[in-house]
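Good morning, colleagues. Please look at the sequence and the structure on the screen, and I will take you through them step by step.

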Amino acid sequence: MLFNKEVLINAFTENKKALLLAGGAGLTAVGLGLGYKYFLKPEKVVRVGVVSQLLIHPLKSGKAVSVALAECQQIGLKYGELQDRHWLVITEDGNFVTGRQEPRLVLVSLTSEGGQTCLNGPDMEELRFPLLQPDNPVIDCRVFSTDIQGRDCGDEASSWLTRYLGAGKTYRLVHFEPHMTHRRSADNEPLFPRNEKIVYPDLGPIMLLSEASVKDLSSRLEKEVTVARFRPSIVVSDCEAFDEDSWEDIQIGNVRLHRVMACGRCISTTVDPETGVITRKQPLDTLKSYRMCDPSQKNIYKAAPLFGQMYIVSKTGLLQVGDVVYKTSH
């Protein structure tokens with residue numbers, strides 16, 4: 001210390017500029033040291049599971065399409081022309097329709113490839129129509145209390161859905177296009193960042209669920225349930241039941257996800273994805289017996305049991321079945 005002090009004094013005597021340079025270098029070194037200590041702490045990475053399924057639900061409340069590879073975008077999963085919750089069934093006055101009102105929607109399959117979109121359902125002929133129909137009108141729709149638009153998919157698609165659902169009312173199918181205005185997650189749930197955008201999902205772009213959690217629930221039921229009933233985007237294996245509750249930040253491949261909240265469950269979980277029959281009882285009643293929130297969070301989740309976790313996308317990229325899931329922290 002004494003030697004350094006003498007050097008600086010001599011430098012000051014001989015050349016004030018040299019002192020300034022020495023001081024600046026010292027401050028820079030201290031600054032870098034503090035920066036590393038407080039802002040660049042090493043990231044802790046822990047392996048917590050493996051991706052076992054990637055599921056895209058092109059039609060809201062429709063059948064899932066299982067893919068081996070998907071783009072993870074800010075607004076959800078994408079594979080080719082299929083984007084998660086980008087097609088929507090609406091009433092004539094623009095209100096959204098889901099399996100909560102029309103349970104048999106869960107049996108409808110929507111796929112799209114080579115510019116042709118295809119609808120399939122039990123006891124219905126396959127219907128094909130163009131993915132892009134720029135001459136069709138853009139319709140103002142409502143998902144919950146939020147306004148959003150969709151391109152009408154045409155009279156044939158409307159007739160197909162109306163006949164299939166057989167509810168004595170007319171339904172139409174709309175498709176979200178990139179130039180349209182997105183909904184904001186925070187308009188329905190303030191826990192989401194204000195700039196977080198979604199299309200037709202209820203709340204967020206990504207929902208993650210573990211196989212072990214579904215197995216745990218099934219062990220408490222008379223009849224087993226499958227992952228399909230809960231409509232996740234990412235299914236994880238090789239972990240314990242409800243481990244996902246504690247995964248605040250995760251990395252899968254080059255994708256990074258941040259947990260916003262748990263997924264509060266409603267009567268849609270009581271729709272059987274194999275039969276399209278709604279019971280309004282199980283497995284929801286059983287979930288309510290052991291998966292309720294802490295009393296301090298009742299203002300968020302109210303009477304909904306928690307099953308699965310909602311994430312936003314911190315870093316986009318590619319996901320693959322078989323990817324290792326890492327929990328990250330500083």
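Is alanine 64 buried, partly exposed or exposed? Alanine 64 has a relative accessible area of 37%, so this residue counts as partly exposed. Please bear in mind throughout that we are looking at a predicted model.

Let me stay with alanine 64 for a moment. This residue sits in the loop that connects β1, residues 44–56, to β2, residues 65–67. Leaving aside residues up to four places away in sequence, alanine 64 touches Leu55, Ile56 and His57. In space, the C-alpha atoms of alanine 64 and arginine 231 are 7.5 Å apart, although 167 residues separate the two in sequence.

That brings us to arginine 231. Its place is in the loop between α4 and β17, the latter covering residues 234–237. Is arginine 231 buried or exposed? Its relative accessible area is 18%, and because buried means under 20%, arginine 231 counts as buried. Its backbone also deserves attention: arginine 231 is not a glycine, yet phi is positive, at about 55 degrees. Aspartate 238 likewise has a positive phi without being a glycine, in this case about 65 degrees. Aspartate 238 belongs to the loop between β17 and β18, where β18 covers residues 249–252.

Let us now step back to the whole chain. There are 330 residues, and buried residues make up 48% of them. The secondary structure consists of six helices and 22 strands. If we take the contacts between residues at least 6 apart in sequence, 68% of them join residues at least 24 apart.

One helix serves as an example of packing. In α4, residues 211–218, the buried residues are Ser213, Val214, Asp216, Leu217 and Ser218. What do these buried residues of α4 pack against? Their partners are β16, α5 (284–290) and β20 (306–315).

I turn next to the aromatic residues. A pair of aromatic rings is described by the distance of the centres and the angle of the planes. In this model, the count is six aromatic pairs. Why is the pair of tryptophan 160 and tyrosine 164 called stacked? The ring centres are 5.7 Å apart, and the planes meet at 20 degrees; since planes under 30 degrees apart count as stacked, the pair of tryptophan 160 and tyrosine 164 is stacked. Both residues belong to helix α3, residues 155–165, and because they are four residues apart there, about one helical turn separates them. Tryptophan 160 has 0% relative accessibility and therefore counts as buried. Tyrosine 164, at 4%, also counts as buried.

Tyrosine 164 has a further neighbour: arginine 104 lies over the face of its ring, at 4.1 Å from the ring centre. A similar arrangement involves phenylalanine 242, where arginine 291 lies over the face of the ring, at 4.0 Å from the centre. Phe242 in turn belongs to one aromatic cluster, together with Phe230, Tyr290 and Phe307.

We come now to the pockets. How much space lies in the largest pocket? The volume is about 900 Å³. Its lining consists of 39 residues, and those nearest the centre are Arg100, Asp202, Cys263, Gly264 and Cys266. Two or more lining residues come from each of β16 (206–210), β19 (255–264) and α6 (298–301). Of these elements, β19 gives the largest share, with four residues. By character, the lining of the largest pocket divides into 20 nonpolar, nine polar and 10 charged residues.

The second largest pocket holds about 220 Å³ of space. It is lined by 14 residues, and Lys223, Val225, Arg229, Gln282 and Pro283 are the closest to its centre. Here the division is four nonpolar, four polar and six charged residues.

Two residues from that list lead to my final point. What kind of peptide bond joins glutamine 282 and proline 283? The bond is cis, with omega at about 5 degrees. Proline 283 is located in the loop between β19 and α5. We have thus met β19 in the lining of the largest pocket, and α5 among the elements against which the buried residues of α4 pack.

Thank you for your attention.

Note on methods. Residues numbered from 1 in each chain as written. Predicted model: local features only at pLDDT ≥ 70, side-chain atom pairs only at ≥ 80, totals over all residues. Heavy atoms only, no water. Phe/Tyr/Trp six-rings, centres within 6.5 Å; stacked < 30°, edge-to-face > 60°. Buried < 20%, exposed > 50% of the residue type's maximum accessible area, 1.4 Å probe, protein only. Lys NZ or Arg CZ within 6 Å of the ring centre and 35° of its normal. 1 Å grid on protein atoms, 1.4 Å probe; cavity = no way out; pocket = protein on both sides within 12 Å on 5 of 7 lines; lining within 4 Å. Points joined across faces, edges and corners; volume = space filled by probe spheres on them. Nonpolar A, V, L, I, M, F, W, Y, C, P; charged D, E, K, R; others polar. Contact = heavy atoms within 4.5 Å.
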